[in-house]
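Got a new protein model open and not sure where to start? Let's walk through it one question at a time.

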Amino acid sequence: MAGTFMAIMDVNIVLIAAPAIQEDLHASDAQLQFVLAGYQLIYAVLLVTGGRLGDLHGRKKIFLLGMGLFTLASLACGLAPTAPALIGARLFQGAGAALMFPQVYAIVRVLLDEERRARAFAVLGAVVSLSTVTGQVAGGLLVEADLFGTSWRPVFWINVPIGLAAMLLTAVLLPESRAPRARRLDLPGALALMVTLFLLIVPLVEGRELGWPWWTWCSLAASVPALAGFLAVERRVARSGRPPLFDAALLRLPTLRTGTVLVLFYYAALNSFFLILSLLLQNGLGLPAYQAGLVYTPLAVTMFAASLVGGRLTPRLGRRVMETGGIALTAGSAATVAVALLCGAGMPLWALILCLAFQGIGHGLLQPPLIGAILAPVDDDNAGLASGVLSTAQQVGGALGLAILGVVFYGALGGAVAGATGAYTHGFGVASIVTTVLLAAATFLVFLLPYARPGADTRPAAAQGKRGQEGV
């Protein structure tokens, strides 16, 4: 849970600290972009490989390696004297997160029995939700506090004591697990996948800020044949008798296939909404960073409370909890659109906070059991790989959502300068329409998931028996 919290919080905490980082390091706009995007890029590109390395060499071992690299890189980020040094440290931080994060889903999926697995996935979902919001709140408070005159640097140093404590407890308490029949890593497949994701994610992350130059469109177009090439490499590896990086048989599992698309839509809405909300609060309404962060607090509180309630109800009600959460979340997003577009420049902050609090209830009911329900039919040999696929879908969805909502938001903004409350409120309302559509699509896909309790073992009987015979 600590590893999950750190990896996701770090994506969001830097958004609030970005202006202070740029001013202190005299960073150009391009350099600041790479501070924000470099972490996300390396993180997304290496996730599937990180998941498979855990299956092969031990999930505890790879988790510790990733946590150690992430913690060391966080220290280096806080000490960075220049923008290029910070960019380099962020790349290593992203690599550490990619090694660490997929092991979390796989460890919960493989090591815990049915009852404890359902509870653990409920807690894990709550941590994922809260880390997204906490990044905004903590980032604003730490920058505003300016501890010992260090300005933005504590937003990275906060990871160091958490990381050291988590590594110690992992080494002492966590048992090792790996895929029983794991063989060596499929290096050609790993390279082909990284090239494919690089071609897809770089233009999505960088395109809007750069005005969508020609190379971004060429890169997006090239990602399609690159994906076909990756699948061809994997088929050839499988025919040779060697284990491929990605087992295409996983795509025949309806739950994983539907769930991956669901995660893509959900995180496209989640990440992008928080970005445009931060822009509205700081640039449109003129709130300082710490006050903008505090606006997220009611969302965090209702999300956490709903996740606790949902965790108790899920063992009895199964998918109905996620269905209710999806409907509440979509309704809360639609209410946000109405408040922004109908009130305009006179939008009361309390009305926005009420809409956010209602969205928090939806997030809290939907997100905690979601990953457990999707991973339920996956066998132990592929738990790390499937976790990496879902984690990659989260990152690709986040990058795709940021690209789409960035175009819509700034298009609706119409070149308005900071402080133009009416223009920013209008742009926020128009962009939130896209968020609502994405959430409605994700909710529809929730209804297509199997009607089972998250954490229950829904694999075929042969796959269930395999664990009993071979252990973990």
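## A guided look at the model

Q: Is Gln-22 buried, partly exposed or exposed, and what is its relative accessible area?
A: This is a predicted model, so everything here is computed from it. Buried would need under 20% and exposed over 50%. Gln-22 falls in between, so it counts as partly exposed, with a relative accessible area of 22%.

Q: Which helix holds Gln-22?
A: Let's place this residue on the chain. Gln-22 is found in the helix that covers residues 2-25, and that helix is α1.

Q: How far apart in space are the C-alpha atoms of Gln-22 and Gly-411?
A: Along the chain, Gln-22 and Gly-411 are 389 residues apart. In space, their C-alpha atoms are separated by 25 Å.

Q: How many helices and how many strands does the protein have?
A: Now zoom out to the whole fold. If you go hunting for strands, you'll find zero, while the helices number 17.

Q: What radius of gyration does the protein have, and what would a compact globule have?
A: The C-alpha atoms fill a box of roughly 65 × 50 × 45 Å along the principal axes. For 472 residues, a compact globule would come out near 23 Å. The protein agrees with that, because its radius of gyration is 21 Å.

Q: What percentage of the residues count as buried?
A: A residue needs under 20% relative accessible area to count as buried. Apply that to the 472 residues of the protein and you get 57%.

Q: Among contacts between residues at least 6 apart in sequence, what share joins residues at least 24 apart?
A: Start with the contacts between residues at least 6 apart in sequence. Then keep those that join residues at least 24 apart, and the share is 84%.

Q: Are α4 and α15 parallel, perpendicular or oblique to each other?
A: Two packed helices are described by the angle between their axes and the distance between the axes. Helix α4 (residues 83-111) and helix α15 (residues 383-413) have axes 8 Å apart and an angle of about 135°. Roughly antiparallel would take an angle over 145 degrees, and roughly perpendicular one from 65 to 115. That's why α4 and α15 count as oblique.

Q: Which residues of α15 make the contact with α4?
A: α4 passes α15 in a right-handed crossing. On the α4 side, the contact uses Phe-101, Pro-102, Tyr-105, Ala-106, Arg-109 and Val-110. By class, this contact has six nonpolar, five polar and one charged residues. The α15 side supplies Ala-383, Gly-384, Ser-387, Gly-388, Ser-391 and Gln-394.

Q: How do the residues in the contact of α10 with α15 divide by class?
A: Helix α10 (residues 254-284) and α15 pack at about 40°, with axes 6 Å apart. These two are therefore oblique to each other, and their crossing is right-handed. The contact residues divide into 18 nonpolar, eight polar and no charged.

Q: At roughly what angle do the axes of α15 and α16 cross, and how many charged residues are in their contact?
A: The axes of α15 and helix α16 (residues 421-446) come within 8 Å and cross at roughly 145°. The crossing is right-handed. Among the contact residues are Ile-404 and Phe-409 of α15, along with Tyr-424 and Phe-428 of α16. By class there are twelve nonpolar and three polar residues, and the charged ones number zero: no charged.

Q: Is Phe-274 buried or exposed?
A: Phe-274 lies in helix α10. Its C-alpha is 19 Å from that of Tyr-43, a residue 231 places away in sequence. With a relative accessibility of 2%, Phe-274 counts as buried.

Q: Which residues does Arg-90 touch, leaving out those up to four places away in sequence?
A: Arg-90 lies in helix α4. At 0% relative accessibility, this residue counts as buried. Its contacts are Asp-10, Val-14, Val-35, Leu-36, Tyr-39, Cys-77 and Phe-156.

Q: What is the phi of His-26 near?
A: Most residues other than glycine have a negative phi. His-26 is found in the loop between α1 and α2, and it is exposed, with a relative accessible area of 70%. Its phi is positive, near 55°.

Q: Where does Ser-151 lie?
A: Ser-151 also has a positive phi, near 55°, and is not a glycine. Look for it in the loop between α5 (114-145) and α6 (154-157).

How values were computed: Residues are numbered from 1 along each chain as its sequence is written. This is a predicted model: local features need pLDDT of at least 70, side-chain atom pairs count only at pLDDT 80 or more; totals for chains, interfaces and linings use all residues. Side-chain values use heavy atoms; hydrogens and water are left out. Axes are lines fitted to C-alpha atoms, for helices over the stretch in contact, and angles run from 0 to 180 degrees between N-to-C directions. Helices (H or I, at least four residues) and strands (E, at least two) are DSSP runs, numbered from the N terminus. Angles under 35 degrees count as roughly parallel, over 145 as roughly antiparallel, 65 to 115 as roughly perpendicular and the rest as oblique. A crossing is left-handed if the near helix is turned anticlockwise from the far one by less than a right angle, and right-handed if clockwise. Contact means heavy atoms within 4.5 Å. Ala, Val, Leu, Ile, Met, Phe, Trp, Tyr, Cys and Pro count as nonpolar, Asp, Glu, Lys and Arg as charged, and the others, Gly among them, as polar. The radius of gyration is taken over C-alpha atoms; the globule rule is 2.2 Å times the number of residues to the power 0.38. Buried means under 20% relative accessible area, exposed over 50%, partly exposed in between (1.4 Å probe, protein chains only).
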